[in-house]
Amino acid sequence: MVFLNVVLRPRSVVVLALMIWGVSFFLHFFWEMVQVPFFTDMTEARHWDVVWLCTRATIGDANIAIGAYAVAGLISRDWFWVVSGWRRTSLSVYLAVGLLVTILFEYWATGEGDRWNYGELMPVVTWTGTGVLPLAQWVFLPLLTVLVVKWMFLGWLILRDK
């Protein structure tokens, strides 16, 4: 892409990071709200308590997403890998870091951290103890995030150059 001259523009780094964090936040918030029935005591809780809990979880999800993206950028040595042509390595690292952090955090949160418990409806992967929905969340939403961010960022670059 000829017009993709972002290396010399530090503002582009910030814009891309904000897009990744923001898109990730909105996608993960929707997912968190939809999976409420799969956790104990959530359907009986007050609405705003559930919204607040899901918002806090979503902030963590968005932070994991930007962290995983940054690790993929460091390994591929290309912060703009999402728009400059994906390599299998970049996308694999991005997904793997998100999944690994999710497995570790879910293990802690449902165990010693006592943050939440899975309800009877939540299928659990036996060898990790992690719910299937949180794992699926970290496969589907990061893929959707990079597709949306690529589209948004390229649009921003075109508008910026006009």
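## Close-up views of a four-helix chain

**Figure 1. Helices α1 and α2 cross at roughly 140 degrees, and their axes come within 8 Å.** The model you are looking at is a predicted one. Angles between 115 and 145 degrees fall in the oblique class, and α1 and α2 are therefore described as oblique to each other. The crossing itself is right-handed. Sorting the residues of this contact by class gives 16 nonpolar, 5 polar and 2 charged.

**Figure 2. Helix α1 (residues 10–34) meets helix α4 (residues 132–161), with axes that come within 8 Å.** Here the two axes cross at roughly 140 degrees, so α1 and α4 are oblique to each other. If you follow how α1 passes α4, you will find a right-handed crossing. In the contact of α1 with α4 there are 18 nonpolar, 5 polar and 3 charged residues.

**Figure 3. The whole chain, for orientation, has 4 helices and 2 strands.** Start at the N terminus and walk along: the elements come in the order α-α-α-β-β-α. The C-alpha trace spans about 55 × 35 × 20 Å along its principal axes. How many of the residues count as buried? The share is 44% of the 162 residues. Now take the contacts between residues at least 6 apart in sequence: 68% of these join residues at least 24 apart.

**Figure 4. T58 sits in helix α2 (residues 47–76).** Is T58 buried or exposed? With a relative accessibility of 0%, T58 counts as buried, because buried means under 20%. Look for the side chain of T58 and find its polar atom: the backbone oxygen of C54 lies 2.6 Å from that atom. Setting aside residues up to four places away in sequence, T58 touches F25, H28, F29 and E32. Helix α1 covers residues 10–34, so keep that stretch in view as you trace these contacts.

**Figure 5. Q137 belongs to helix α4.** The relative accessible area of Q137 is 2%, so this residue is buried. Which residue shares a side-chain polar contact of 3.1 Å with Q137? The partner is D61, whose side chain is joined to that of Q137. Beyond its neighbours within four places in sequence, Q137 is in contact with H28, W31, E32, Q35, D61 and P142. Two of these names, H28 and E32, may look familiar, since T58 touches H28 and E32 as well.

**Figure 6. L95 is a residue of helix α3.** At 18% relative accessibility, L95 counts as buried; the limit for that label is under 20%. Which residues does L95 touch, not counting those up to four places away in sequence? They are W138, V139, P142 and L143. P142 is also in contact with Q137. For a sense of distance, pick out the C-alpha atoms of L95 and G155: they are separated by 24 Å, and the two residues are 60 apart along the chain.

**Figure 7. A96 is found in helix α3, which covers residues 88–109.** A96 has a relative accessible area of 43%, so A96 is partly exposed. Where L95 counts as buried, A96 is partly exposed. How far apart are the C-alpha atoms of A96 and D161? They are separated by 35 Å, with the two positions 65 residues apart in chain numbering.

**Figure 8. R77 lies in the loop between α2 and α3.** Most residues other than glycine have a negative phi. R77 has a positive phi, near 60 degrees, and is not a glycine. Its relative accessible area is 78%, so R77 is exposed.

**Figure 9. D114 is placed in the loop between α3 and β1 (124–125).** What is the phi of D114? The value is positive, about 45 degrees, although D114 is not a glycine. D114 has 56% relative accessibility and so counts as exposed. R77 in the loop between α2 and α3 is another residue with a positive phi.

Methods:
Residues numbered from 1 in each chain as written. Predicted model: local features only at pLDDT ≥ 70, side-chain atom pairs only at ≥ 80, totals over all residues. Heavy atoms only, no water. Buried < 20%, exposed > 50% of the residue type's maximum accessible area, 1.4 Å probe, protein only. Polar contact = N/O pair within 3.5 Å; in protein donor to acceptor, adjacent residues only side chain to side chain. Contact = heavy atoms within 4.5 Å. Axes fitted to C-alpha atoms, helices over the stretch in contact; angles between N-to-C directions. Parallel < 35°, antiparallel > 145°, perpendicular 65-115°, else oblique. Left-handed = near helix turned anticlockwise from the far one by under 90°. Nonpolar A, V, L, I, M, F, W, Y, C, P; charged D, E, K, R; others polar.
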